[in-house]
Amino acid sequence: MAQTQAFETDFWKDANLRKVWDDIVPGEPRKTIPYTLTREAIELYCKSVGETHPIYFDEAYAKTTRYGGLIAPPSIHILLMFSCTPADDWMRSPGTVNAGQSWSYNIPARPGDVITLQARALDKFIKRERLFVVHDNVFFNQKGDVICSGRGWTIRPI
Amino acid sequence: MTTTFEKLRAGDAIDGPTFAVSRESIRLFCDASLDYNPLHLDDEYMKGSFGKTNFGGIIMHGMNNFGLISRMITDWAYPAGAIHRRLETRWVKPVRPGDTIQPTGIIKAKQVTEKSRWVMIDVMVRNQTGEKVATGEALVEFPRDLFCQ
């Protein structure tokens with residue numbers, strides 16, 4: 001299974017396989033891979049931004065809440081964006097600059113969820129000599145429920 | 001004091017956590033997000049220019065700002081039984097190792113819809129000199145069936 005392979009942290013590897021701005025077709029789906037979200041991955045993400053709320057760590061507490069169990073922070077899509085895409089995805093092109101993002105949250109992701117992504121470039125344009133691509137993403141859980149949806153503006157490397 | 005939809009007023013402030021940015025914190029965010037873009041790792045690469053922009057060294061992930069703002073919103077919303085529903089952000093300035101950043105929010109408006117109640121919040125992140133490094137807006141739902149945590 002793709003998700004059990006070690007994640008390639010060298011983004012230069014396979015860089016020549018990735019689409020450049022000229023190749024990206026707005027509307028064309030991106031290849032994606034299902035990802036099983038683990039408690040460990042949630043806890044590592046929490047650590048990286050200093051999240052300490054017990055709803056992410058303490059199962060007994062989480063059971064008393066609206067959610068009835070442990071959840072991931074809404075912003076876990078930051079991890080899901082890379083864990084649900086293959087190494088040749090253009091989001092990994094070295095020098096890709098993130099200009100801004102907007103995300104809407106429906107239900108939380110939970111440990112053990114098998115998460116899928118539907119994603120595409122939605123638009124591309126040139127502004128002040130910069131090459132922009134707008135990407136559009138929806139994450140689902142194993143039941144087909146929408147977890148969150150979002151859009152991002154990236155400046156492509158030249 | 002417990003935050004309630006009724007008591008909230010435009011102009012009310014939300015203070016987020018301070019966050020010390022270091023090479024280690026940026027590396028940890030790489031490992032946690034799987035975003036190993038050399039912008040965040042490779043000083044040699046960052047000596048080069050990106051079009052008209054030269055960053056001069058590695059920079060923090062823009063999405064680290066996003067994660068901090070989101071943390072501020074959820075930590076504020078959970079005790080009130082409210083739900084973080086949306087966040088939009090734009091990056092204004094790069095953040096570098098050695099910077100200390102802090103998100104804040106200001107209540108902009110409230111809206112009641114057919115089935116729920118909503119609060120719009122202007123958010124921003126400032127660095128240690130008070131410069132804005134990120135701006136945006138958040139939307140928090142205050143359901144009528146409050147479930148305080």
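**Chain B and its contact with chain A**

Let me begin with chain B of this predicted model, where, among the contacts with a separation of 6 or more, 67% are between residues 24 or more positions apart. Chain B has 149 residues, and 39% of them are buried. As for its secondary structure, chain B contains two helices and six strands, and if you follow the sequence from its start, these come in the order β-β-α-α-β-β-β-β. The C-alpha trace of chain B, taken along its principal axes, spans about 55 × 25 × 25 Å.

Let me turn now to the contact between the chains, to which chain A gives 36 residues and chain B likewise gives 36 residues. On the side of chain A that touches chain B, the elements that each supply at least two residues are α1, residues 39-49, α3, residues 77-83, and β2, residues 97-105. Of these, β2(A) provides the largest share of that side, with nine residues. In terms of residue character, the side of chain A that touches chain B consists of 17 nonpolar, 14 polar and five charged residues.

Staying with β2(A), how does this strand pair with β3 of chain B, and over how many bridges? The two strands, with β3(B) covering residues 83-91, run in the antiparallel sense and are joined over five bridges. If you would like one position to look at in the structure above, take Gly100(A), whose bridge partner in β3(B) is Arg90(B). So much for the pairing; to return to the wider contact in closing, β2(A), which pairs with β3(B), is also the element that gives the largest share of the side of chain A touching chain B.

Key:
Residues are numbered from 1 along each chain as its sequence is written. Chains are lettered from A and ligands numbered from 1 in the order in which they are written. This is a predicted model: local features need pLDDT of at least 70, side-chain atom pairs count only at pLDDT 80 or more; totals for chains, interfaces and linings use all residues. Two residues are in contact if their C-beta atoms, placed from the backbone, lie within 7 Å. Helices (H or I, at least four residues) and strands (E, at least two) are DSSP runs, numbered from the N terminus. Ala, Val, Leu, Ile, Met, Phe, Trp, Tyr, Cys and Pro count as nonpolar, Asp, Glu, Lys and Arg as charged, and the others, Gly among them, as polar. Two strands pair if DSSP finds at least two bridges between them. A residue is buried if 20 or more other C-beta atoms lie within 10 Å of its own, exposed if 12 or fewer, and partly exposed in between; C-beta atoms are placed from the backbone.
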